[in-house]
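Q: I have a model open on my screen and would like to understand the words used to describe it. Could you take me through them?

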Amino acid sequence: MKNIGKTIRLLRIQKGWEQIKFAKKLNLSNPAVSKIETGVTTITLSRLNQIASVFNLTTVQLLAQHVLPQRNKGNAIERDECADEILKKIRQREEEIMQIQ
């Protein structure tokens, strides 16, 4: 899931939010949001859920916008199914990481 931060940044801009306003909504510092948007930091599933919620989206919808930006004219069900598969992989990976820690 390389650089979902670009998608997050675009959504923030579409909402008309300055980075500082978005940071406050997430209860994060402005530099932390900058690191998310530029892909410097890895986003956990819980943080991804929080970000999606701030945009009034489900995590699946947020992932669909990231993974399939060129397919907006395509079938919404197909996009959601693809995003569901990606979310499953993310959850599996996060579980693996938790077992290591």
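Q: Happy to start with one residue: which helix is Q19 found in?

A: Q19 is in helix 2, residues 19-26. Helices here are DSSP runs of H or I with at least four residues, numbered from the N terminus. Do keep in mind that this is a predicted model, where local features need pLDDT of at least 70, side-chain atom pairs count only at pLDDT 80 or more, and totals for chains, interfaces and linings use all residues. Residues are numbered from 1 along each chain as its sequence is written, and side-chain values use heavy atoms, with hydrogens and water left out.

Q: Why does Q19 count as buried?

A: Buried means under 20% relative accessible area (1.4 Å probe, protein chains only). Q19 has 18% relative accessibility, so Q19 counts as buried.

Q: What makes the meeting of R12 and E37 a salt bridge?

A: The term asks for a side-chain nitrogen of Lys or Arg within 4 Å of a carboxyl oxygen of Asp or Glu. The side chains of R12 and E37 meet at 2.6 Å, N to O. R12 lies in helix 1 (residues 5-15) and E37 in helix 3 (residues 30-38), so the pair ties together parts 25 residues apart in sequence. Both R12 and E37 are buried.

Q: Why is helix 2 called roughly perpendicular to helix 3?

A: Roughly perpendicular covers angles of 65 to 115 degrees. Helix 2 and helix 3 pack at about 100 degrees, with axes 9 Å apart, which makes them roughly perpendicular.

Notes
Helices (H or I, at least four residues) and strands (E, at least two) are DSSP runs, numbered from the N terminus. Buried means under 20% relative accessible area, exposed over 50%, partly exposed in between (1.4 Å probe, protein chains only). Axes are lines fitted to C-alpha atoms, for helices over the stretch in contact, and angles run from 0 to 180 degrees between N-to-C directions. Angles under 35 degrees count as roughly parallel, over 145 as roughly antiparallel, 65 to 115 as roughly perpendicular and the rest as oblique.
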